[in-house]
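Hi,

Here is the structure I said I would pass on to you. Have a look at it first, and then read my notes underneath.

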Amino acid sequence: MSRKKGILTVLLALVLVFVSLDFGFCYKKVLADNDATVSIDKSNSWESNGEYFAQFNITITNNSSKRLTDWQLKLDKGSFSLSQSWCCSITDCGSYWQISPESYNQVIEASMSISNVGLILSSSGETSLGNVTIVTSYETTSSTNPTSSSNESNNTTNTTATDSTSDSVAEENQEGELLDCGKCALIGAELHFPYANGALASAKTAIDYSNESKELVAKERESTEATTNEEEVTTGVVALEDTKSADSTVTNNDETANSGDNSQITYGSARIPTGRVRVSGSHLVDSSGSQVQLRGVSTHGISWFPEYLNSAALSTLKNDWGINVIRIAMYPKEYAGYLSGGDKESLKSKIDEGVKAAANLGLYVIIDWHVLNYNPNETKDEAIAFFKEMSNKYKDYENVIYEICNEPVGAEWSSQIKPYAESVISAIRENDSQALIIVGTNTWSQDVDAVVGNTIDDANVCYSLHFYAATHKEAIQNKLKYAINNGVPVFVSECSICDASGSGGIDYTWANSWLNLLNENNISYIAWSLCNKQETSALIKSSCSKTSGWSEDDYSDAGKWFRTAIRN
């Protein structure tokens, strides 16, 4: 086509982007080539302690007819610092970050997208995002089965195609014609546009998770015998008795449980020795009225690492670590989550396995609706239905605790989170008047101070505060102190000793400071996370394939620290 016609086509593409946006403020950066499109949009921003923070969501679209088998992004740092990331691995390469996929989002089928990758970046003030480059690998033949599993794709022969995208708005090909405007008109463009819902109707391909049925990559499970040594499990204040004394019908799992095979386990009574925990003042007490500090670990998302939620693993953690609680993290919206293409019945079955195994071992269990980086009202109706079902199913279980929104963002306490919580709690109370309920707070459950003087009218509710010791220091500790000094019952339902990205270095000084603060105030805490993901916060080494029966050498540095903290 002629150069004039090509320029008009480019202008038309830009107009389409303008008309697809609502009013408000948005930052979007789009990188494209003939085969892949990378869209990075800013969905949220805020200021804290003199720093500017922005959340960026990344969508990668495979425009080709072949399966995209691997991808890497190179993102220039500019003046930004990395605060947090999810569904990816980040390597600091000096002037840029290398963003790599996880096993579950590495493969992108033909004409499909993944949009579960996210970053939170901080800087001294609002600034533009740096340049981004994508490197992709494809099958040598066209993909014929759009629902093939990631495992199958790993057996194919890949060829690597590297984008060397320029910063120009359009680039001519060898024939002097402009490349397809829908794919290249926005190469490297940095656009500042209005928005209301963060929606962009053009310049990217939307993914419909409900129609996506990729199988999750499962690691080969190594059968190991569970530890049989029975140790006394002690909370900060109260000793928990051995489960075998709770009820004569309870079958101890240690003899029959291996790494994930629960087919021979007989689940016994739903009663546990210490009974239900409840709020008394600003503390938790057991059925006898004695103060109790729950200390345990959280699974990673059970859509991605289901193999670690098994009876043998819980037995190992009870006997070797001394945990008295396990948290089951279920993501609603992320890839293969409960509301985004995951197998709901399979996920509920895995929760059931965890609840019953925990009851058998005398452990408390938290069922976590893992809201992450969004207003919980976005899934309020679904959360009400889910917790209504769970509370009806487990109303007679003394060990079940409900966490109804993990880490809300962009949701003010009084007008948004509290009304959401009241609706979900009402649904739970229709079936269970006694269960402990944990409610998240804004800014990734850091704003527990906002609850002071404005608690929920329910006697058995705790409010969550999360910290990552290398990022969250005195300012967040002060919020915790302010809350508990004003009678707010606080539950640290997620924490780690690295930075908030989950992949940075460990700060042992602030980790110990946090531990002392929690123990001094008998505040319950949960370590993130029980898996062998290649990141600092994973409690198991990435080189370890065991799903139970771990030795000290199998634990990561974070795992070793938490093991010592909980044991002591």
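Below is what I found, starting with how confident the prediction is and then going through a few spots one by one.

First off, keep in mind that this is a predicted model. The mean pLDDT of the protein is 77, and 70% of its residues reach 70 or more. Two stretches deserve some caution. Over residues 10-27 the pLDDT is below 50, and this stretch has 53 contacts in the model beyond near neighbours in sequence. Residues 142-266 also have a pLDDT below 50, with 301 contacts beyond near neighbours in sequence.

Now to helix 5, which covers residues 344-361. From its first C-alpha to its last, this 18-residue helix reaches 26 Å, close to the 26 Å expected at 1.5 Å a residue. Helix 5 is mostly covered, with 13 of its 18 residues buried. What happens at the two ends? At the N-terminal end, Asp343 acts as a cap, with a side-chain oxygen 3.2 Å from the backbone nitrogen of Glu345. Just after the helix comes Gly362, which takes a positive phi of about 75°.

Helix 5 also has a packing partner in helix 6 (residues 380-393). Their axes are 13 Å apart and the angle between them is about 35°. The crossing of helix 5 past helix 6 is right-handed. On the helix 5 side, the contact is made by Lys348, Ile351 and Asp352, while helix 6 brings in Phe386, Glu389, Met390 and Lys393.

Next, some backbone oddities. As background, most residues other than glycine have a negative phi, and most peptide bonds are trans. Which residues go against that here? Ser111 is not a glycine, yet it has a positive phi of about 60°; you will find Ser111 in the loop between strand 7 (96-100) and strand 8 (113-123). Thr443 is not a glycine either and has a positive phi of about 60°. Thr443 is found in helix 8 (residues 442-445), and it counts as buried because its relative accessible area is 18%, under the 20% cut-off. As for peptide bonds, the one joining Trp528 and Ser529 is cis, with an omega of about -5°. Ser529 is found in strand 23 (residues 525-530).

Is Leu68 buried or exposed? It is buried, with a relative accessible area of 0%. Leu68 lies in strand 4 (residues 68-76). Leaving aside its neighbours within four places in sequence, Leu68 is in contact with Ala36, Asn62, Gln106, Val107, Ile108, Thr136, Ser137 and Tyr138. Take Gln106 from that list: it is 38 residues from Leu68 along the chain, but their C-alpha atoms are separated by 8.2 Å.

One last residue to click on is Glu535, in the loop between strand 23 and helix 11 (557-567). Glu535 has a relative accessibility of 14%, so it counts as buried, given that the limit is 20%. Which side chain does the side chain of Glu535 make a polar contact with? That would be the side chain of Ser537, at 3.1 Å. Not counting residues up to four places away in sequence, Glu535 touches His300, Gly502, Ser503 and Trp528. You have met Trp528 already, in the cis peptide bond with Ser529.

Happy browsing, and shout if anything is unclear.

Note on methods
Residues numbered from 1 in each chain as written. Predicted model: local features only at pLDDT ≥ 70, side-chain atom pairs only at ≥ 80, totals over all residues. Heavy atoms only, no water. Helix = DSSP H or I, 4+ residues; strand = E, 2+ residues; numbered from the N terminus. Expected span 1.5 Å × (residues − 1). Buried < 20%, exposed > 50% of the residue type's maximum accessible area, 1.4 Å probe, protein only. Polar contact = N/O pair within 3.5 Å; in protein donor to acceptor, adjacent residues only side chain to side chain. pLDDT = per-residue confidence, 0-100. Contact = heavy atoms within 4.5 Å. Axes fitted to C-alpha atoms, helices over the stretch in contact; angles between N-to-C directions. Left-handed = near helix turned anticlockwise from the far one by under 90°.
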